[in-house]
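Here are my notes on the model you asked me to look through, set out as numbered points so that you can follow each one on the structure itself. Please keep the picture open while you read.

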Amino acid sequence: MELHTLITGTTDPRERGTLLGTRFGAQVRRVAELYREHFAVLGLPADRVRDLAGRSHEALRAWAPHLAEESDACADAAGVERWTVAAVGARTEILAACPEPGKGECSTAVFAPAGAAPQTVQTWDWHDLLVPDALLHALTPSEGRTVKLFTEFGAPGKIGVNSAGLGVHFNILFHASDSAGGGVPVHAVARRILDEADTLDRAVEIASTARVSASTSLTVVTADCSAASLELSPAGLAVVPAGEDGWLLHTNHFLDAGLAAGDTGPADSMTAERLAHLRAVRAAMPGLSPAERARAFCGEGGADAVVCMRPDAHKPPHEQWGTLLTVGLDTADCAIDYLAGAPHEAPASGLARF
């Protein structure tokens with residue numbers, strides 16, 4: 001995965017989208033094409049994808065019109081039909097409608113002790129064939145507000161931090177209530193929280209107004225050490241706070257007891273094993289540099305740790321998963337520490353800062 005950077009100072013969403021689509025038109029077109037091919041392999045033809053993307057895009061337009069405008073302007077500038085970019089932005093919602101939606105394998109650890117700066121680390125695991133390129137974007141959603149985020153080309157947001165001292169990590173979830181209803185894209189929920197929220201309470205308020213059709217956990221942490229995982233699903237929103245020890249760990253299953261009753265995560269997912277791993281290694285992570293924290297995240301297993309995903313070459317390409325990104329958020333300095341690779345590589349490669 002090649003990471004590109006973009007800094008946009010405009011507060012106008014159409015101008016921002018135009019800048020993105022103009023500079024990275026080739027990447028926007030390529031990622032949109034790859035997702036269409038992926039959806040087809042999973043049993044969704046292009047006309048069905050277009051319908052689903054259109055419905056999610058209209059839900060987005062009603063909930064956050066500026067994000068719909070940004071997406072449309074990006075598509076126009078890149079020279080592709082608007083629905084193809086909207087489909088990337090709503091890819092979680094489209095996957096929820098697939099006969100075999102696949103799985104997600106991301107792991108997040110947040111340490112937010114009282115009186116100290118939060119320390120976070122996450123792995124982002126996905127199909128490398130879908131993400132030959134990705135984006136680090138520093139943007140200005142409103143005067144006086146900076147957002148720095150990592151995302152895929154065409155998706156409004158994913159993992160990031162803002163200048164108000166609030167950060168968001170992202171883990172996909174699966175619930176029996178997930179449907180082809182075309183709800184607000186969960187990636188847009190993450191982006192709007194970064195654009196607008198100064199506090200955990202405000203993040204919860206924003207998330208609670210979104211009618212979603214797919215499930216996700218947004219782990220929100222603030223510079224004053226407030227932290228909680230917002231578990232979104234069509235069945236409702238649950239707020240899972242950090243423990244009394246300051247730790248908040250999340251993988252790819254619901255932690256809220258009520259929503260967990262409807263969890264439909266794949267039977268072969270390693271989510272429970274990864275959560276157990278995080279619980280086992282967390283004591284070794286506090287107080288370390290981002291690179292050393294990533295190493296401690298792996299524990300004694302190193303490259304063989306359960307949180308380091310490697311594609312299985314014996315499986316078809318659409319079933320191959322790998323750890324594409326290791327990322328930590330600095331809420332005090334509005335910065336992202338990142339490595340395009342797995343955490344065991346961090347001590348040798350280091351983490352770059354954006």
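1. Before the hairpin can be discussed, one definition is needed: two strands count as paired if DSSP finds at least two bridges between them. In this predicted model, strand β9 (residues 227–233) and strand β10 (residues 236–241) are paired in the antiparallel sense over six bridges, and together β9 and β10 form a hairpin with two residues between them. If you wish to find one of the pairs by eye, look for serine 233, whose bridge partner in β10 is glycine 236.

2. The hairpin belongs to a wider arrangement, namely an open sheet of eight strands with mixed pairing, in the order β1-β4-β5-β6-β7-β8-β9-β10. Why is one side of β1 and of β10 left without a neighbour in the sheet? Both β1 (2–7) and β10 stand at the edges and each has a single partner strand, so there is no neighbour in the sheet on the other side. On average, neighbouring strands of this sheet are turned by 15° against each other, when direction is ignored.

3. Within that sheet, strand β6 (residues 159–162) and strand β7 (residues 166–172) also pair in the antiparallel sense, here over two bridges. The bridge partner of valine 161 is glycine 167, which lies in β7. As general background, strands of a sheet pair through backbone hydrogen bonds, either parallel or antiparallel.

4. Two helices that lie across strands of the eight-stranded sheet deserve attention. Helix α1 lies across β1 and β4 (133–142) and runs at about 160° to β4, whereas helix α8 lies across β7, β8 (216–222), β9 and β10 and runs at about 0° to β9.

5. For helix pairs, a general description comes first: two packed helices are described by the angle between their axes and the distance between the axes. The axes of α1 (residues 13–23) and α4 (residues 65–78) come within 7 Å and cross at roughly 35°, and this crossing is right-handed. On the α1 side the contact includes Pro13, Arg14, Leu20 and Thr22, while on the α4 side His66, Glu69, Cys74 and Ala78 are among the residues involved. The residues of the contact of α1 with α4 divide into six nonpolar, five polar and six charged.

6. The helices α7 (residues 186–196) and α8 (residues 200–208) pack at an angle of about 140°, with their axes 10 Å apart. That angle makes α7 oblique to α8, because an angle has to be over 145 degrees to count as roughly antiparallel. In passing α8, α7 makes a right-handed crossing. The contact is made by Val189, Arg192, Ile193 and Glu196 of α7 together with Arg202, Ala203, Ile206 and Ala207 of α8, and these residues divide into five nonpolar, no polar and three charged.

7. There is also an open sheet of six strands, with antiparallel pairing and the order β11-β2-β3-β12-β13-β14. Its edge strands are β11 (247–250) and β14 (352–353), each of which pairs on one side only. Strand β13 (residues 335–339) and β14 run antiparallel and are joined by two bridges, and tyrosine 338 stands opposite alanine 352 in β14. Helix α10 (residues 271–281) packs on this sheet, where it touches β2 (107–111) and β11, and its direction makes about 155° with that of β11. Helix α11 (residues 290–298) lies across β2, β3 (119–126), β12 (322–330) and β13, and runs at about 60° to β3.

8. Finally, the domain assignment of the chain gives domain 1 (1–94) and domain 2 (104–351). The centres of domain 1 and domain 2, taken over C-alpha atoms, are separated by 21 Å, and the contact takes 41 residues from domain 1 and 54 residues from domain 2.

Notes. Residues are numbered from 1 along each chain as its sequence is written. This is a predicted model: local features need pLDDT of at least 70, side-chain atom pairs count only at pLDDT 80 or more; totals for chains, interfaces and linings use all residues. Side-chain values use heavy atoms; hydrogens and water are left out. Axes are lines fitted to C-alpha atoms, for helices over the stretch in contact, and angles run from 0 to 180 degrees between N-to-C directions. Helices (H or I, at least four residues) and strands (E, at least two) are DSSP runs, numbered from the N terminus. Angles under 35 degrees count as roughly parallel, over 145 as roughly antiparallel, 65 to 115 as roughly perpendicular and the rest as oblique. A crossing is left-handed if the near helix is turned anticlockwise from the far one by less than a right angle, and right-handed if clockwise. Contact means heavy atoms within 4.5 Å. Ala, Val, Leu, Ile, Met, Phe, Trp, Tyr, Cys and Pro count as nonpolar, Asp, Glu, Lys and Arg as charged, and the others, Gly among them, as polar. Domain bounds come from an automatic or database domain assignment.
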